[in-house]
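I opened the model to look up three things: a helix pair, the cysteines and one covered helix. My notes are below.

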Amino acid sequence: MQLNSAPQQSESFLLTTEPSQEDAANRGKEAFEVSPTKPSLLSSHGEGKHDRFLGQRGNPLAFQKSEELQKILFAHRHERHLVILQDFPDPDALSCAWTYQLIVQQYDIKCEIIYAGTLSHQENIALVKLTGLPAQRWTSQVLKSKDLSSYQGCILIDNQGTTSQLMSAVQQAKIPVIAVIDHHTLQAEHKSEFVDIRPNVRATSTIFTQYLQSGLLSLDSSVSQHVKCATALMHGLRSDTNRLMQAQEEDFMAAAYLSRFYDAQLLNAILQANRSKRVMDVIERSLKNRIVQNNFSIAGVGYLRYEDRDAIPQAADFLVTEENVHTAVVYGIVHDENELEVVIGSLRTAKLTLDPDEFIKEAFGKDSTGRFFGGGRTGAGGFEIPMGFLSGSNENSTYAKMKWEVYDAQIKQKLLKLVNPQDDPIKSD
């Protein structure tokens, strides 16, 4: 697709560029033709004009990407798309997907926000329920009932397709990837019309807030849906920056912009969601089973149900607060309703010189297709290792215990090779 092809006259538009001296002299004589059904970054109404000025002058990359995305959306108007999130979407992913949906409505693009896993973290459940966030869970059974030929494209938000079970079905249906928007480290080359991957930005919510500031959507505090979406974005930004403790200038500027629109009481209600008893049990298990070496706390928590998967990162969040611990890794074997099992782990670190992405990739490596078992961002990371042939058959408690002990020992061995290279983590008689 030619991204720079000129639109038809009836729908023509012009994007702002740095004016020359001659342009400046004739600025008052210029006439802009803008489609009445298409938003423009040229809008100049009071407060919005100031925001767009900051977006263009203060952050040229953000404004450039907003212009590129606008062109892509205009080329795909009237289509139907899928927004694909990671299997276990977090507030950052959920809020950005909703923002994207609101933006593309202006181009008569209908999109469905989907994920294959589950919402198990109490804050994620509260976010969706209290805001009415339109995300759908597509299980394998739901996927079979869908006619994927009705979708003309898909969008990856806060992921790059490596953490979604849905990607294989989308690829089989030959649905093209239109856009990849993420803040994680590059996972693979992307054959996509639009790519905005910025690992230096702490949250994808910051990227989407910059899109808003650049004029892709004008938030209105009198519109309930806009207020709820801004609240979701604030939650996503806050979540991925560790309550703004790891935020950088761009993140703070995004938070300042959202502060005009978000509902503080609604956000507080989301954050006050209580932990379930099962989550507390997993945290207790992590405390009992942890080993601490060289300021690393490592804990295996055994078997977990699919819907309790988010207890693992919450346990890691808890362990990293222990005195003399700068990094925590918690992992367990998670099984779904189909008895498929996967080792899932989370890393949390307060050590500035430890790169979670590099650490996890070095510890666990790649599978036979070259896909890494895990990765990360600033301060956090995760990994998922399918168990394949050894999945299930846990009715025999002796076998289940033996299987866990083998995986527990193997994961500890791989981690401790990096934590304590001189030690042998597996003791033999």
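The entries follow in the order I made them.

Before starting, I noted that this is a predicted model, where local features need pLDDT of at least 70, side-chain atom pairs count only at pLDDT 80 or more, and totals for chains, interfaces and linings use all residues. Residues are numbered from 1 along each chain as its sequence is written, and side-chain values use heavy atoms, with hydrogens and water left out.

Entry 1, a helix pair. I looked up helix 4 (residues 91-104) and helix 8 (residues 204-213), which pack at an angle of about 20° with axes 9 Å apart. Helices here are DSSP runs of H or I with at least four residues, and strands are runs of E with at least two. The pair is therefore roughly parallel, a term for angles under 35 degrees. I listed the contacts (heavy atoms within 4.5 Å): Asp 92, Ser 95, Cys 96, Thr 99, Tyr 100 and Ile 103 in helix 4 meet Thr 204, Ser 205, Phe 208, Tyr 211 and Leu 212 in helix 8.

Entry 2, cysteines. How many disulfides are there? I found 0 disulfides, taking one as a pair of cysteine sulfur atoms within 2.5 Å. The sulfur of Cys 229 has its closest cysteine sulfur in Cys 96, at 8.7 Å, too far for a bond. Cys 229 is buried at 2% relative accessible area, where buried means under 20% with a 1.4 Å probe, protein chains only. Cys 111 is buried too, at 9%.

Entry 3, a covered helix. In helix 13 (residues 311-319), I saw that 7 of 9 residues are buried, among them Ile 312 and Leu 319. These buried residues pack against helix 5, helix 12, strand 8, strand 9 and strand 10.

Methods: Axes are lines fitted to C-alpha atoms, for helices over the stretch in contact, and angles run from 0 to 180 degrees between N-to-C directions. Angles under 35 degrees count as roughly parallel, over 145 as roughly antiparallel, 65 to 115 as roughly perpendicular and the rest as oblique. Buried means under 20% relative accessible area, exposed over 50%, partly exposed in between (1.4 Å probe, protein chains only).
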